[in-house]
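User: Please take a close look at one strand of this model and how it is paired and covered. Then work outward to the rest of the structure.

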Amino acid sequence: MACSYHHKKAFQPSIASIEVGEIENKSHLGITFYLRNEGIHLACDQCIGENQPLCIKYCNAVGRDELRDIWSKCFRTNATK
Amino acid sequence: MNSYGYSGRVIRIDLTTKDISFEPITDYAHEWIGGNGIDQWILYKEVKRQISPYSPSNRLTFGAGPLVGTLAPGASRMSASSKNPFTMGIGTSNCGGYFGVELKYAGYDHLIFQGRSKKPVYLWIKDDHVELKDATHLWGKTIWQTVDAIRQELGDSRIHILSIGPGGENLVRGASIIQDKDRAFGRCGLGGVMGSKNLKAIAVRGNKSVKIAYPEKFIRAVDELRKHFENSTTVDNLMKLGTPAGLRNKQASCGIPYKNFQYLVLPEDALAKMDQEAIQKYRVRNIGHPACPIPCSRYFSIDDGPYAGLNTEGYQLEAPINFAGKLAVSDPIAVIKINSYCNELGLDIDMISGAIGWAMECYQRGILKNSDTDGIQLDWGDVGIILELIRKIAYREGFGDILAEGCARAAEIIGRNSDYYAMHMKGQDLYEVIRNDIGWGLGVCSATRGGTHTTGAPGLGMKLTLADPVLARKIHDKPVISTAPIDYKDKAIAVFYTERLHRMNNAMGICHIASTWEDPFFVGFPEMAELYSTATGRETTEADLLKMSARMLNAEKAFNLLNTNLERKDDYPPKRELEEQVPTGSLKGWRLEKEKWGMLLDEYYEMNQWDRKTGFPTRECLKNLDLIQVADDLEKVNKLGR
């Protein structure tokens with residue numbers, strides 16, 4: 001939701017550069033970052049122009065640290081998806 | 001009007017003709033905001049007087065408010081409304097989760113169902129594609145089976161679903177509608193209304209957007225609000241223990257209806273067993289819905305003992321209050337199991353514990369015998385018996401067929417003076433203790449939908465707000481001083497404002513827990529006015545919102561008056577709550593007084609510009625709210641206040 005706001009100033013998770021799901025009986029978050037445009041998903045630009053990635057900023061307190069770790073790992077290793 | 005904030009459209013589905021049509025949200029939005037506000041005005045205008053809730057001409061509506069699908073804190077709630085099978089008046093329920101958000105992204109704010117399908121069907125919404133699909137193969141399935149089957153059938157695990165289980169199919173009066181697997185539109189028996197229409201489920205997936213009129217201003221308002229949720233002890237407590245964090249407070253204030261309200265505290269050993277440490281080891285993680293700043297719901301995976309293999313979200317405060325309290329279950333894991341079984345079968349836990357609690361007390365007193373109960377010995381706290389009774393209720397088998405009517409009607413069927421032990425408000429099973437907290441109790445007793453604390457009972461945050469001369473300015477211009485629970489003073493005004501706050505939360509789509517009901521620093525009227533104005537582009541003040549909340553309340557009240565015989569006497573607590581002394585605990589010996597309750601009602605009615613003698617709205621009240629048509633309608637049936 002926050003990601004789409006960064007891209008379009010509207011709320012539209014279907015175009016977001018991040019997809020969050022729950023896996024293994026909701027024990028972990030399943031997170032996908034889109035680093036290239038794919039379907040209607042827009043490539044993650046690492047929230048250029050924002051003070052911090054909006055997905056992390058607006059994530060609730062339960063998932064924020066987990067998401068920050070995944071985000072850091074993903075962009076440090078430059079994974080494609 | 002543009003559709004900023006709103007998705008813009010309402011879907012009307014006639015299940016008799018299979019006609020699906022679309023209406024602009026502008027027909028309703030200016031006057032009724034959204035969610036329950038719009039839902040209930042639709043009911044007022046369209047539902048013929050005095051029909052059965054299960055009549056094809058009854059309406060079943062769902063609404064996601066203008067803030068749902070945005071980053072407004074807590075904006076993931078959705079309303080459902082219909083004629084109430086318990087009271088025959090207004091029925092409304094509210095539920096958090098993904099469905100409302102997804103509905104907005106599909107391009108719709110509200111759904112209106114009318115008619116009755118010949119065969120079971122479900123509605124599938126994917127953006128502009130809206131289709132009624134055959135559900136014959138789903139009829140008879142539990143909620144959990146239905147959700148899995150629809151997701152598999154449509155090939156998308158991210159579809160969100162509202163469905164009914166056997167409870168709704170069999171018109172159990174307290175049947176609920178479940179969102180995905182574990183979130184309930186619990187109260188007011190809306191699952192049975194859905195079942196009466198042969199509507200098994202609604203599935204939705206959306207790829208569109210919710211647009212904002214002034215994005216920068218809106219996000220600034222969101223950011224300002226979010227600061228109050230950071231480093232908040234309220235948030236910390238709720239995240240650690242969920243809403244059951246309040247269990248010890250309930251115990252301290254005599255707020256637990258132990259053994260069907262015979263006592264108002266748990267025995268100390270039972271309280272110790274309910275301690276959260278016992279269930280923490282099964283907690284997998286907390287769950288937060290979109291835009292939720294307080295992920296207080298928890299997901300459990302039980303991997304040992306008699307319920308091994310159970311994976312479920314749940315265990316809000318209602319679960320231990322209902323099952324450890326009303327039914328005296330002493331095992332917290334069993335409480336999780338019972339709660340999840342109700343979700344699986346699509347049953348309201350408040351009604352289930354109300355009906356079974358009544359039966360157990362009648363059995364304890366010798367009013368019910370084994371010959372009444374299919375030979376079942378109704379011992380307090382027996383988990384096996386409780387699960388079996390729940391199954392029998394869902395399928396309306398034997399004694400379960402009587403309990404499926406809820407405690408008030410079950411007592412009518414059985415007779416033998418068993419009605420004294422039927423704890424209900426306006427015919428709907430009661431969850432809340434009334435006599436330990438007069439403000440809370442008045443909110444419960446005056447609730448238009450028949451009991452319940454989420455349409456006007458002041459919570460802790462509301463009390464703190466009202467008591468603080470600075471914070472109180474957030475909601476009104478006259479600070480209220482007394483928040484002492486067993487003092488009649490100032491309770492009418494506390495309910496007056498809470499009724500309005502709850503209605504506006506539900507209309508906007510904001511969770512009560514994220515509002516000033518829970519904590520004075522969370523979302524209140526000024527914040528909602530700013531969020532609504534910047535989201536929709538329609539400049540709206542706190543005063544506007546207060547007026548619109550009052551319109552909602554009076555429309556509900558009028559719906560009740562046109563459809564039922566409810567009046568002033570129905571705003572008194574049940575006899576036991578009104579007449580019995582508190583037997584044990586911190587309030588031992590305390591008792592409500594009928595005369596003082598009457599004076600409280602006088603004050604509350606007068607504040608609302610309702611007739612003191614009857615509780616009916618006056619023409620002046622309705623005129624001030626631009627509801628002249630409602631005044632005329634009430635006058636025709638001699639129910640306009642003087």
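Analyst: B:Val121 has B:Leu199 as its bridge partner in strand 12 of chain B. The model is predicted. Strand 7 of chain B and strand 12 of chain B are joined by six bridges and run parallel. On strand 9 (residues 160-163) of chain B, strand 12 (residues 199-205) of chain B has an antiparallel partner, and four bridges join the two. There, B:Ser163 stands opposite B:Ala201 of strand 12 of chain B. Strands of a sheet pair through backbone hydrogen bonds, either parallel or antiparallel.

How many of the residues of strand 12 of chain B are buried? Six of seven are, so far as the burial count goes, and the strand is mostly covered. Helix 3 (residues 99-106) of chain B lies across this region. It crosses strand 7 (121-126), strand 9, strand 10 (177-179) and strand 12 of chain B. Its direction is at about 60 degrees to strand 12 of chain B.

Now the sheet as a whole. It is open, has six strands and follows the order 8-7-12-9-10-11 in chain B. The pairing is mixed. Strand 8 (129-134) and strand 11 (183-185) of chain B are the edges, each paired on one side only. From one strand to the next, the twist averages 20 degrees.

Chain B has another open sheet of six strands, in the order 2-1-6-3-4-5. Its pairing is mixed too. Here the edge strands are strand 2 (19-24) and strand 5 (90-96) of chain B, and each pairs on one side only. Neighbouring strands are turned against each other by 15 degrees on average, direction ignored. Within this sheet, strand 3 (residues 60-63) and strand 4 (residues 77-83) of chain B pair antiparallel over four bridges. B:Thr61 stands opposite B:Ser81 in strand 4 of chain B.

Next, the helices of chain B. Helix 2 (residues 35-46) of chain B has twelve residues, which at 1.5 Å a residue should span 16 Å. Its end C-alpha atoms are 17 Å apart, which agrees. Helix 2 of chain B is mostly covered, with nine of its twelve residues buried. Among the buried residues are B:Ile38, B:Trp41, B:Ile42 and B:Leu43. B:Asp39 and B:Gln40 are also buried.

Helix 15 (residues 349-364) and helix 18 (residues 406-414) of chain B form a helix pair. Their axes come within 8 Å and cross at roughly 30 degrees. Angles under 35 degrees count as roughly parallel, and helix 15 and helix 18 of chain B are therefore roughly parallel to each other. Helix 15 of chain B contributes B:Met351, B:Gly354, B:Ala355 and B:Trp358 to the contact. Helix 18 of chain B contributes B:Gly406, B:Cys407, B:Ala410 and B:Ala411. By class, the contact has six nonpolar residues, two polar and no charged.

Then chain A. It has three helices and three strands, in the pattern α-β-β-β-α-α along the sequence. Chain A has 81 residues, of which 30% count as buried. Among its contacts with a separation of 6 or more, 44% join residues 24 or more positions apart.

What does each chain give to the contact between them? Chain B gives 25 residues and chain A gives 19 residues. On the side of chain B, strand 13 (210-211), helix 7 (215-229), strand 14 (283-287) and strand 15 (297-301) give two or more residues. Strand 14 of chain B has the largest share, three residues. The side of chain B that touches chain A has 14 nonpolar, eight polar and three charged residues.

Strand pairing also crosses between the chains. Strand 1 (residues 10-11) of chain A and strand 13 of chain B run antiparallel, joined by two bridges. A:Ala10 has B:Lys211 as its bridge partner in strand 13 of chain B.

Back to the starting point. Strand 12 of chain B is paired parallel with strand 7 of chain B and antiparallel with strand 9 of chain B, and helix 3 of chain B lies across these strands.

Definitions and conventions
Residues are numbered from 1 along each chain as its sequence is written. Chains are lettered from A and ligands numbered from 1 in the order in which they are written. This is a predicted model: local features need pLDDT of at least 70, side-chain atom pairs count only at pLDDT 80 or more; totals for chains, interfaces and linings use all residues. Two residues are in contact if their C-beta atoms, placed from the backbone, lie within 7 Å. Ala, Val, Leu, Ile, Met, Phe, Trp, Tyr, Cys and Pro count as nonpolar, Asp, Glu, Lys and Arg as charged, and the others, Gly among them, as polar. Two strands pair if DSSP finds at least two bridges between them. Axes are lines fitted to C-alpha atoms, for helices over the stretch in contact, and angles run from 0 to 180 degrees between N-to-C directions. Angles under 35 degrees count as roughly parallel, over 145 as roughly antiparallel, 65 to 115 as roughly perpendicular and the rest as oblique. The expected span of a helix is 1.5 Å times one less than its number of residues. A residue is buried if 20 or more other C-beta atoms lie within 10 Å of its own, exposed if 12 or fewer, and partly exposed in between; C-beta atoms are placed from the backbone.
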